[in-house]
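Dear colleague,

Please find below the structure that I am handing over to you. My findings follow directly after it, and I should be grateful if you would read them alongside the coordinates.

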Amino acid sequence: MYDIHLEFENRPGELARFGDAMGTAGVSLEGGGVFTAGESAHAHFLVEDGDRARAAAEAAGLKVVAVRAVLIRRLKQDQPGQLGAIAAALRDAGVSIETQYSDHSNQLILIVDQPGKAMQATAAWAAERPEHWR
């Protein structure tokens with residue numbers, strides 16, 4: 001799974017343009033969101049085919065900042081403090097969290113600066129792949 005990071009202009013229709021481009025290309029969005037700051041907005045969306053998502057977004061004239069592999073983890077929802085615990089495990093391993101959001105299956109999506117270290121540090125929260133990703 002991949003995170004496609006885009007920079008939108010802060011104006012009506014940018015998300016629609018992205019959604020239309022992904023739909024036309026047959027790219028399913030498995031999670032993500034848009035975060036506005038001033039005149040621009042940053043969008044992060046989870047996709048199975050990063051190359052196809054990038055090509056479709058660029059063909060629509062959208063600015064793709066990056067397409068990166070993600071770390072997928074499942075927090076123990078019945079135990080308060082899980083986000084703090086996984087963030088502390090990454091901190092203790094010297095890993096920086098660059099982006100964090102949830103997917104449609106209530107899994108934690110992390111983009112980190114050191115994926116290998118992050119995988120080891122968060123093994124206790126490893127998530128099984130949903131059936132539709134196999």
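Strands β6 and β7 form a hairpin with five residues between them. Within that turn, Asn 106 adopts a positive phi of about 60°. Please note that this is a predicted model, so every value in this message is computed from predicted coordinates. The two strands, β6 covering residues 97–102 and β7 covering residues 108–112, pair in the antiparallel sense over five bridges. One of the pairings sets Thr 99 opposite its bridge partner in β7, Ile 111.

A second hairpin is made by β2 and β3, with two residues between the strands. Here Gly 38 takes a positive phi near 70°. Strand β2 spans residues 31–37, and seven bridges join it to β3, residues 40–47, in an antiparallel arrangement. Val 34 has Ala 43 of β3 as its bridge partner. When you inspect these strands, it may help to recall that in a regular strand the side chains alternate between the two faces of the sheet.

Ahead of β2 lies the loop that follows α1 (14–25), and Gly 26 is located in this loop. Is Gly 26 buried or exposed? The relative accessible area of Gly 26 is 53%, and exposed means over 50%, so this glycine counts as exposed. Its C-alpha atom is separated by 28 Å from that of Ala 126, a residue 100 positions away along the chain.

Turning to the chain as a whole, the protein contains four helices and seven strands. Their order along the sequence is β-α-β-β-α-β-β-α-β-β-α. The C-alpha trace spans about 40 × 35 × 25 Å along its principal axes. The radius of gyration is 15 Å, which agrees with the value near 14 Å for a compact globule of 134 residues.

Buried residues account for 40% of the 134 residues. Of the contacts between residues at least 6 apart in sequence, 67% join residues at least 24 apart. The chain exposes about 7,300 Å², and carbon and sulfur atoms supply 50% of that area.

Finally, as to charge, the chain carries 13 positive and 18 negative side chains. The centres of these two sets lie 4 Å apart.

With kind regards

How values were computed: Residues numbered from 1 in each chain as written. Predicted model: local features only at pLDDT ≥ 70, side-chain atom pairs only at ≥ 80, totals over all residues. Heavy atoms only, no water. Rg over C-alpha atoms; globule rule 2.2 N^0.38 Å. Buried < 20%, exposed > 50% of the residue type's maximum accessible area, 1.4 Å probe, protein only. Contact = heavy atoms within 4.5 Å. Areas by Shrake-Rupley, 256 points an atom, 1.4 Å probe, with all protein chains shown as cover. Lys, Arg positive; Asp, Glu negative; His and termini not counted. Charge placed at Lys NZ, Arg CZ, Asp CG, Glu CD. Pairing = 2+ DSSP bridges.
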